[in-house]
Amino acid sequence: MDSLSDALKAISVSTELIDEELSPHLDTVLTALLEKKDGAAEQVAASGILTTLANTLRKNTPLTPQVALVVAEVGREASVRERCIEAGLVNALLPLLNSSDQDLLLHTGRAIGRICFDNSPQQDRLVQNGVIPRLVAIMQEYPENDPLVNVCLLALCNLADMDSAREALVEVSVAEALTTQLRRAPDAERRHVILEVLGSLGESDALKLQFVESGVPQALSEMIRGLQGGSDPHDLCSIKIASNLIVSLLLGDESMQKCFGEGAGTVYQDILSWLQSSNTQLQLAGALAIANFARNDSNCVRMLELGVVPHILDLLEHHVDEGDVSVQHAGLSALRNLAIPATNKVRMLEDGVVERIRTLLRSDMPPVQFKLLGTLRMMVDGQEEAATVLGKDEVLLARVIEWCEARDHAGVRGEANRLLAALIRHSRAPEVIHAVTKADGVRHLITMATSEHVIMQNEALVALAIASAIEIDSVQEPFREAGLLPTLQKMLDDPVGAVEIKFSAIGLICSLANSSLLKEQMESLNLKESLSKLSSHTSSKLATQADTVLAVLSETS
């Protein structure tokens with residue numbers, strides 16, 4: 001350390017740096033730093049030479065590369081970084097990024113990156129000083145200089161979470177530079193840095209579109225194709241990150257549509273192959289991607305024409321017993337989205353989709369149960385035949401009733417009740433009403449009518465009204481035993497109840513008045529009084545409805 005002290009002293013007392021004299025002293029300092037001698041960086045900072053080094057860098061002499069290298073090594077030590085900033089080293093280094101000397105660019109990039117690491121104010125100043133376009137330009141000018149490209153990539157990685165950096169990157173062709181590097185990445189470490197930068201920047205909608213237009217998804221797909229079939233943990237990690245990144249790029253509507261390419265795009269074709277892969281991560285990403293593509297009707301119709309559904313069903317059946325819950329959840333999300341267009345529902349029913357997804361009824365996983373119920377509900381929406389077939393299925397009804405009582409999962413419980421109501425609402429079939437009644441579904445529909453969610457209340461009330469209009473003789477006793485009329489009276493008397501719920505409840509009461517059994521119960525509950533109070537309600541529509549039903553009740557008295 002004596003030689004280091006001597007060198008530092010020689011540098012600190014020099015007023016005019018002469019290359020021949022000071023270069024050996026800088027070498028001595030550099031050797032101590034490279035050998036990671038204990039306390040060397042701290043000693044350099046304490047010697048007072050940091051300001052001298054900054055002044056040297058500003059003059060851009062033959063010593064500049066050597067000085068930049070010394071500063072880069074000093075910057076490894078976190079405890080001296082703030083003093084480097086105070087000495088003006090960052091400001092002195094920034095102009096050097098415009099050099100055409102690749103070694104100087106390397107040392108300068110490392111020095112700036114290390115000094116400003118984990119320092120948000122400094123990183124923001126770098127962005128404001130135009131470092132982003134320069135980093136991208138260096139990658140484009142020297143794409144085969146791996147150490148230099150790596151420095152630029154690491155710098156972008158550190159800056160990528162900043163909004164100001166993302167805004168600056170929108171103005172330059174960063175996607176093109178990153179795609180070039182991804183295609184020539186020599187190892188997993190480089191791949192992962194590039195993927196991390198892409199993942200962070202891909203959160204910006206503007207950059208999502210730039211990425212897609214510059215072929216980033218295609219490059220990611222190519223990379224995945226090249227790595228598939230292996231067992232190397234690093235390669236598998238790359239596949240996971242890249243496939244997740246493609247899925248995230250599809251979250252933007254415009255970028256998703258460009259990748260879809262009417263079903264002829266290479267990215268879409270690759271994603272289809274993922275559904276048939278033995279790699280669970282690719283299966284999951286494939287199902288999530290299909291769900292993302294299925295965000296508009298035209299895509300849904302086109303994908304059905306191209307035969308995507310059998311691949312999803314095969315995947316679901318493969319995972320139903322002790323399979324991956326995430327894959328099942330994603331697959332059902334894709335099916336549900338695909339079933340939204342009315343024309344697709346008909347086609348999917350003709351193709352036997354309902355029969356095949358019924359195999360999932362045996363799943364014990366709440367996330368799968370939740371998605372399965374939602375998918376079945378979407379399948380019967382507006383489809384009388386499908387609702388009738390499912391509504392008469394005793395095995396399905398027994399499982400749905402079981403899930404209506406799922407105490408530990410409110411989502412499953414809610415979806416089970418909604419499916420039960422949907423089977424009646426969309427089938428309007430006496431045999432379905434009989435089956436639901438026999439399965440003890442009436443009490444669940446009455447409970448659903450008291451839900452905190454208005455949409456669920458309405459769905460339940462409409463289903464009960466349809467049941468009473470079509471099969472009053474078979475449902476009157478279950479309605480009475482389950483306490484339907486007292487429940488409806490509470491709704492009418494609720495001072496803060498929603499008007500539309502009261503309106504639906506009154507309509508149901510009117511239908512129930514056709515039953516002499518229930519009519520007697522109405523009189524014993526003095527339901528007329530509750531209706532009379534609503535005759536003066538501020539909603540004229542509700543008041544008129546109440547008067548109408550009062551008249552009906554009086555006529556049948």
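A residue is called buried when its relative accessible area is under 20%. I begin with that term because this talk relies on it, and the term exposed applies to residues over 50%, with partly exposed in between. Please note also that the model before you is a predicted one.

With the cut-off in mind, let us turn to helix 19. Which residues of helix 19 are buried? They are Val267, Tyr268, Asp270, Ile271, Leu272, Trp274 and Leu275. Helix 19 runs over residues 266-275, and with 7 of its 10 residues buried it is mostly covered. What supplies that cover? Among the elements over the buried residues of helix 19 are helix 16, helix 17 (233-249) and helix 18 (253-260). Helix 20 (280-293), helix 21 (297-305) and helix 22 (308-319) are also included.

Before we examine one of these neighbours, let me describe the chain as a whole. Its secondary structure consists of 37 helices and 0 strands. The radius of gyration is 35 Å, whereas the globule rule gives 24 Å for 557 residues; the value is well over the rule, so the chain is more spread out than a compact globule. The C-alpha atoms occupy a box of roughly 115 × 50 × 40 Å along the principal axes.

How much of the chain is buried? Buried residues account for 54% of the 557 residues. The chain exposes about 24,200 Å², and 49% of that comes from carbon and sulfur atoms. As for contacts with a separation of 6 or more, 71% of them join residues 24 or more positions apart.

I now return to helix 16, one of the elements covering helix 19. Two packed helices are described by the angle between their axes and the distance between the axes. For helix 16 and helix 19, the angle is about 35 degrees and the axes are 9 Å apart. Their crossing is left-handed. On the side of helix 16, the contact is made by Pro217, Gln218, Ser221, Ile224 and Arg225. On the side of helix 19, Thr266, Val267, Asp270 and Trp274 take part. By character, the residues of this contact divide into 4 nonpolar, 3 polar and 2 charged.

Helix 16, residues 216-227, also meets helix 14, residues 188-201: the axes come within 13 Å and cross at roughly 145 degrees. Here too helix 14 passes helix 16 in a left-handed crossing. Helix 14 contributes Arg191, Leu195 and Leu198, while helix 16 contributes Val216, Leu220, Met223 and Leu227. What is the character of the residues in this contact? They comprise 6 nonpolar, no polar and 1 charged.

Let us look at a single residue of helix 16, namely serine 221. Is serine 221 buried or exposed? Serine 221 has a relative accessible area of 3%, and a value under 20% counts as buried, so this residue is buried. Leaving aside its neighbours within four places in sequence, serine 221 is in contact with Ile246, Val267, Asp270 and Trp274.

Next, consider the loop between helix 16 and helix 17, where glycine 229 is found. Glycine 229 has a relative accessibility of 83%, and since the cut-off is over 50%, this residue counts as exposed. From C-alpha to C-alpha, glycine 229 and serine 278 are 8.7 Å apart in space, although 49 residues apart in sequence.

A further loop lies between helix 22 and helix 23 (325-338), and aspartate 324 is located there. At 28% relative accessibility, aspartate 324 counts as partly exposed. Apart from its neighbours within four places in sequence, aspartate 324 is in contact with Thr280 and His319.

Finally, a remark on backbone angles. Most residues other than glycine have a negative phi. Asparagine 60 has a positive value, with phi near 50 degrees. Asparagine 60 is in the loop between helix 4 (50-59) and helix 5 (64-74). Arginine 428, likewise not a glycine, has a positive phi of about 50 degrees. Where is arginine 428 placed? Its position is in the loop between helix 29 (410-427) and helix 30 (430-438). With a relative accessible area of 51%, arginine 428 is exposed.

To close, I return to the starting point: helix 19 is mostly covered, and helix 16 is included in what covers its buried residues.

Methods. Residues numbered from 1 in each chain as written. Predicted model: local features only at pLDDT ≥ 70, side-chain atom pairs only at ≥ 80, totals over all residues. Heavy atoms only, no water. Axes fitted to C-alpha atoms, helices over the stretch in contact; angles between N-to-C directions. Helix = DSSP H or I, 4+ residues; strand = E, 2+ residues; numbered from the N terminus. Left-handed = near helix turned anticlockwise from the far one by under 90°. Contact = heavy atoms within 4.5 Å. Nonpolar A, V, L, I, M, F, W, Y, C, P; charged D, E, K, R; others polar. Rg over C-alpha atoms; globule rule 2.2 N^0.38 Å. Buried < 20%, exposed > 50% of the residue type's maximum accessible area, 1.4 Å probe, protein only. Areas by Shrake-Rupley, 256 points an atom, 1.4 Å probe, with all protein chains shown as cover.
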